[in-house]
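Reader: I am in my first year of study and would be grateful for a close look at a single part of this structure. Could the answer take one strand and follow what surrounds it?

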Amino acid sequence: MTKALPIVVGVDGSEPSLRAVDWAADEAAVRGLPLRLVYASLWERYEGTSLADEVGKPTEQVLAEDIVDSAARRARGRHPDLDVSVDVLPEEPEYALVSEARHATALVLGTRGRSGLTEMLLGSVSLTVAAHADCPVIVLRGSHDNRAGSGTHGRVVVGVGEDGKESPAVRFAAEEARRRGVPLEAVRAWRCPAHETTDHPLMSGEPARLHEERAVEALDAAVADVPADVELHRRTVEGNARRVLLDAAADADLLVVGAKRRDVTFGLQLGRVAHAVLHHSSCPVAVVPQRV
């Protein structure tokens, strides 16, 4: 029998990564999945065979093993029956986590590490992983409550793209809402192109009305397969998609966005909307890949 793919967490001993362990432990427990804790660092490159006298291991390896062991104790203290495994990988964190994502149900990350430089680490690790991972990546933005359960606001928000097709992001968001027992709010932003507006008093509302109707149709198509047992709310909002989603998620427990994956090996495969919400969301963000 094939073992279920785990929830993977990148840990480094920082407070944000420990909060990510809490969140991921809850998620794994709710889903009935194993939890895998991974520390990745190129300690071998910098320490080589320099050994810590008292234990006979490179000092960075000793630190790494202590970090993952402490994180494992924290996860088991939260959920004693949880299947928890740990690993220390002598690799660049970005490469290691993208590799781990190939065999994971989801990957959970904090927003910053021991450096304390939020935007720098978000750019170098979280953004890279979110742009290339083969599984959903959950980045714990904002002042979340360390819980993947019902949360404090009781709402999952998902952004719907302009193609209007049912997507992995919508499916993921619906599953999260159902597991948490909270409503799902599907949001579609729309805008009326400037060249279609007119100053004629009898025509001024027509272009906007047509674009709004198309947005409603796209939204309805995207959520057509949301299970009936999920409480669903639909919203179409005129405005920039990034701003619309950030506003919608201001009082949400989770914001879900899609990221299209193309068969290329260069560049960040992350759209402007996903990039913006990863930097500025006030709640955790799940980036769900979609092959095109």
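Author: What follows begins with strand 1 and then turns to the nonpolar cores, one helix residue and the cysteines. The model is a predicted one.

Strand 1 covers residues 7-10. Ile7 and Val9 point one way from this strand, while Val8 and Gly10 point the other way. Such a pattern is expected, because in a regular strand the side chains alternate between the two faces of the sheet. In strand 1, the residues on both sides are buried.

Strand 1 has partners to consider next. Strand 2 (residues 35-40) runs parallel to strand 1, and 4 bridges join them. Within this pairing, Ile7 has Leu35 as its bridge partner. Strand 1 also pairs with strand 4 (residues 106-109), again in the parallel sense, over 3 bridges. There, Ile7 stands opposite Ala106. Ile7 thus has a partner in strand 2 and another in strand 4. The connection from strand 1 to strand 2 involves helix 1 (residues 15-31), and the three elements make a right-handed β-α-β unit.

The surroundings of the strand can be described through the nonpolar cores. The largest of these holds 48 residues, and the members touching the most others are Val9, Leu35, Val108, Leu184 and Val256. Helix 1 gives the most to this core, namely 7 residues. Another core, of 40 residues, lies apart from it and includes Leu89, Val137, Leu246 and Leu255.

Val108 shows how strand 1 is enclosed by contacts: setting aside residues up to four places away in sequence, Val108 touches Ile7, Val8, Val9 and Gly10, and also Ala20, Trp23, Ala24, Ile138 and Leu140.

A residue in a helix offers a second example. Ala173 is found in helix 6 (residues 168-180) and is buried, with a relative accessible area of 0%. Beyond its neighbours within four places in sequence, Ala173 is in contact with Val156, Val158, Leu184 and Val256. Leu184 and Val256 also appear among the core members that touch the most others. The C-alpha atoms of Ala173 and Leu254 are separated by 8.6 Å, although the two residues are 81 apart along the chain.

Finally, the cysteines deserve a word. A disulfide is a covalent bond between the sulfur atoms of two cysteines. A search of the whole structure finds 0 disulfides. Cys135 is buried, with a relative accessible area of 3%, and Cys283 is buried as well, at 2%.

Conventions
Residues are numbered from 1 along each chain as its sequence is written. This is a predicted model: local features need pLDDT of at least 70, side-chain atom pairs count only at pLDDT 80 or more; totals for chains, interfaces and linings use all residues. Side-chain values use heavy atoms; hydrogens and water are left out. A disulfide is a pair of cysteine sulfur atoms within 2.5 Å. Buried means under 20% relative accessible area, exposed over 50%, partly exposed in between (1.4 Å probe, protein chains only). Helices (H or I, at least four residues) and strands (E, at least two) are DSSP runs, numbered from the N terminus. Contact means heavy atoms within 4.5 Å. Two strands pair if DSSP finds at least two bridges between them. A crossover is right-handed if, with the strands pointing away from the viewer, the path from the first strand over the helix to the second runs clockwise. A nonpolar core is a set of buried Ala, Val, Leu, Ile, Met, Phe, Trp, Tyr and Cys residues joined through side-chain atoms within 4.5 Å.
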